[in-house]
Amino acid sequence: VQLQASGGGLVQFGGSLRLSCAASGIIFSINGMGWYRQAPGKQRELVATITSGGTTNYADSGKGRFTISGDNDKKTVYLQMNSLKPEDTGVYYCYGDVVRLRHLSPTRYWGQGTLVTVSS
């Protein structure tokens, strides 16, 4: 299983970016997907999650500015980020809780990370 993240880049304060993360490989189902980020010198932190049923959860830092969505058919999760701030700068990692074969427990797989830089 591979998760391929894309969409990062350099954006000015107040700008927007849309991150994408597509899962591929032998996949029976995906229980949930989401995003974490890691700022320089800091620990990785939760950004947002979404279940296969569409239930979403956000860290307080992104509420009202970030929107997570998913496409089950495409096995892809998106993160729309608006009103970006310099403190949103970091490497954004996607994950998927993947069930590879029926009757197996889900395993969390991570994408390679995509860098988001917000300039002031």
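**Pocket, patch and disulfide in a predicted model**

Modeller: In this predicted model, 17 residues line the largest pocket, and Ile 30, Met 33, Ser 52, Asp 71 and Asn 72 lie nearest its centre.

Biologist: What volume does the largest pocket have?

Modeller: Its lining divides into six nonpolar, nine polar and two charged residues. The volume of this pocket is about 210 Å³.

Biologist: Which strand supplies the largest share of the lining of the largest pocket?

Modeller: Strand 4 (29-38), strand 5 (45-51), strand 7 (66-71) and strand 8 (76-81) each contribute at least two lining residues. Five residues, the largest share, come from strand 4.

Biologist: Where is Ile 26 of the nonpolar surface patch found?

Modeller: Ile 26 joins Leu 101 and Leu 104 in a nonpolar patch on the surface, and together they have about 290 Å² of accessible area. Ile 26 itself is in the loop between strand 3 (17-24) and strand 4.

Biologist: How many residues apart are the two cysteines, Cys 21 and Cys 94?

Modeller: One disulfide is found in a search of the whole structure. Cys 21 and Cys 94 form this disulfide, with their sulfur atoms 2.0 Å apart. The pair links distant parts of the chain, Cys 21 in strand 3 and Cys 94 in strand 9 (residues 90-99), and the two are 73 residues apart.

Biologist: Is the disulfide of Cys 21 and Cys 94 left-handed or right-handed?

Modeller: A disulfide is a covalent bond between the sulfur atoms of two cysteines. For Cys 21 and Cys 94 the torsion about the S-S bond is about 60°, so the disulfide is right-handed.

How values were computed:
Residues are numbered from 1 along each chain as its sequence is written. This is a predicted model: local features need pLDDT of at least 70, side-chain atom pairs count only at pLDDT 80 or more; totals for chains, interfaces and linings use all residues. Side-chain values use heavy atoms; hydrogens and water are left out. On a 1 Å grid over the protein atoms alone, a cavity is a set of points where a 1.4 Å probe fits but cannot get out, and a pocket is an open set with protein on both sides within 12 Å along at least five of seven lines; lining residues have an atom within 4 Å of a point. Grid points are joined across faces, edges and corners, and a volume is the space filled by probe spheres set on the points. Helices (H or I, at least four residues) and strands (E, at least two) are DSSP runs, numbered from the N terminus. Ala, Val, Leu, Ile, Met, Phe, Trp, Tyr, Cys and Pro count as nonpolar, Asp, Glu, Lys and Arg as charged, and the others, Gly among them, as polar. Patches are made of residues with over 30% relative accessible area and no salt bridge: like charges are joined within 9 Å, nonpolar side chains (Val, Leu, Ile, Met, Phe, Trp, Tyr) within 5 Å. Accessible areas come from the Shrake-Rupley method with a 1.4 Å probe; for residues, only the protein chains shown count as cover. A salt bridge is a side-chain nitrogen of Lys or Arg within 4 Å of a carboxyl oxygen of Asp or Glu. A disulfide is a pair of cysteine sulfur atoms within 2.5 Å.
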